[in-house]
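Colleague: Could you take me through one part of this model closely, namely its pockets and what surrounds them? I would like a connected account rather than a list.

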Amino acid sequence: PLVAGSVPDPVPRLALVLGTEGDGVSAQMLELATRAVYLPMRGFVQSLNVAVAAGMILQRLFDLCPEACGDLPDFDRDQLRERIVRAAPRLAQEHHGEDDEADPSGGSSDGDGEIAG
């Protein structure tokens, strides 16, 4: 469990790897990990939605170790956001305030997130 005293000081750079509900994290990934934590299940709960599990783990980590909640400099954050948006055309539309419906100018989507007019 992620308990007081279990978070290294200083907090190293880390990656949170979450597995699927059915299979969890692969054995290969676990072999590469320096630490594995888990969420104990109580009552009738057998698994959690991955987003819920991520939120619970991050909240616990930040409660135990507030300095783990780092922040990227504005420049780095903006570059990362642009890389993510370029990688997912649907996000590009949302990021720029475009609707997922038809283009108001009468153009149509070409399937790659680009609007053809």
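**The pockets and their surroundings**

Modeller: I begin with the lining of the largest pocket, to which α2 gives the largest share, 5 residues. Please keep in mind throughout that this is a predicted model. The pocket itself has a volume of about 1,100 Å³, and the elements that contribute two or more residues to its lining are α1, covering residues 27-32, and α2, covering residues 50-64. In total 35 residues line the largest pocket, and those that lie nearest its centre are Leu16, Val17, Ala36, Val37 and Ile57. In character the lining divides into 26 nonpolar, 7 polar and 2 charged residues.

The second largest pocket has a volume of about 380 Å³. Its lining includes a run from the early part of the chain, Pro12, Arg13, Leu14, Ala15 and Leu16, together with Leu58, Leu61 and Phe62, and it is completed by Ala68, Gly70, Asp71 and Leu72. Sorted by class, these residues come to 9 nonpolar, 1 polar and 2 charged. Leu16 deserves attention here, since it is among the residues nearest the centre of the largest pocket and also belongs to the lining of the second largest pocket.

Leu16 appears once more on the surface, where it forms a nonpolar patch with Leu18, Val50 and Leu58, the four together having about 280 Å² of accessible area. Leu58, for its part, also lines the second largest pocket. As for Leu18, this residue lies in the segment before α1, and its relative accessible area of 33% makes it partly exposed; it can count towards such a patch because the cut-off for membership is over 30% relative accessible area, with no salt bridge.

Another residue of the segment before α1 is valine 25, which is likewise partly exposed, at a relative accessible area of 27%. Its value does not exceed the 30% required of patch residues, so valine 25, at 27%, cannot join a patch by that rule. Between the C-alpha atoms of valine 25 and alanine 36 the separation is 9.9 Å, with the two residues 11 apart along the chain, and Ala36 is one of the residues nearest the centre of the largest pocket.

To place these parts in the whole, the chain has 4 helices and 2 strands, which follow one another along the sequence in the pattern α-α-α-α-β-β. Of the 117 residues in the chain, 9% are buried, where buried means under 20% relative accessible area.

Further along the sequence, helix α3, residues 74-87, holds arginine 77 and aspartate 74, and the salt bridges are worth following there. The count comes to 2 salt bridges. In one of them arginine 77 pairs with aspartate 74, the closest N and O atoms being 2.9 Å apart; the two residues are 3 apart in α3, and so are separated by about one helical turn. Arginine 77 is partly exposed, with a relative accessible area of 30%. The other pairing joins aspartate 78 to arginine 81, with 3.5 Å between the closest N and O atoms, and here too both residues lie in α3, 3 residues apart, or about one turn of the helix. Aspartate 78 counts as partly exposed at 37% relative accessibility, and arginine 81 is partly exposed at 37% as well.

Methods: Residues numbered from 1 in each chain as written. Predicted model: local features only at pLDDT ≥ 70, side-chain atom pairs only at ≥ 80, totals over all residues. Heavy atoms only, no water. 1 Å grid on protein atoms, 1.4 Å probe; cavity = no way out; pocket = protein on both sides within 12 Å on 5 of 7 lines; lining within 4 Å. Points joined across faces, edges and corners; volume = space filled by probe spheres on them. Nonpolar A, V, L, I, M, F, W, Y, C, P; charged D, E, K, R; others polar. Patch = residues over 30% accessible without salt bridge, like charges linked within 9 Å, V, L, I, M, F, W, Y side chains within 5 Å. Areas by Shrake-Rupley, 256 points an atom, 1.4 Å probe, with all protein chains shown as cover. Salt bridge = Lys/Arg side-chain N within 4 Å of Asp/Glu carboxyl O. Buried < 20%, exposed > 50% of the residue type's maximum accessible area, 1.4 Å probe, protein only.
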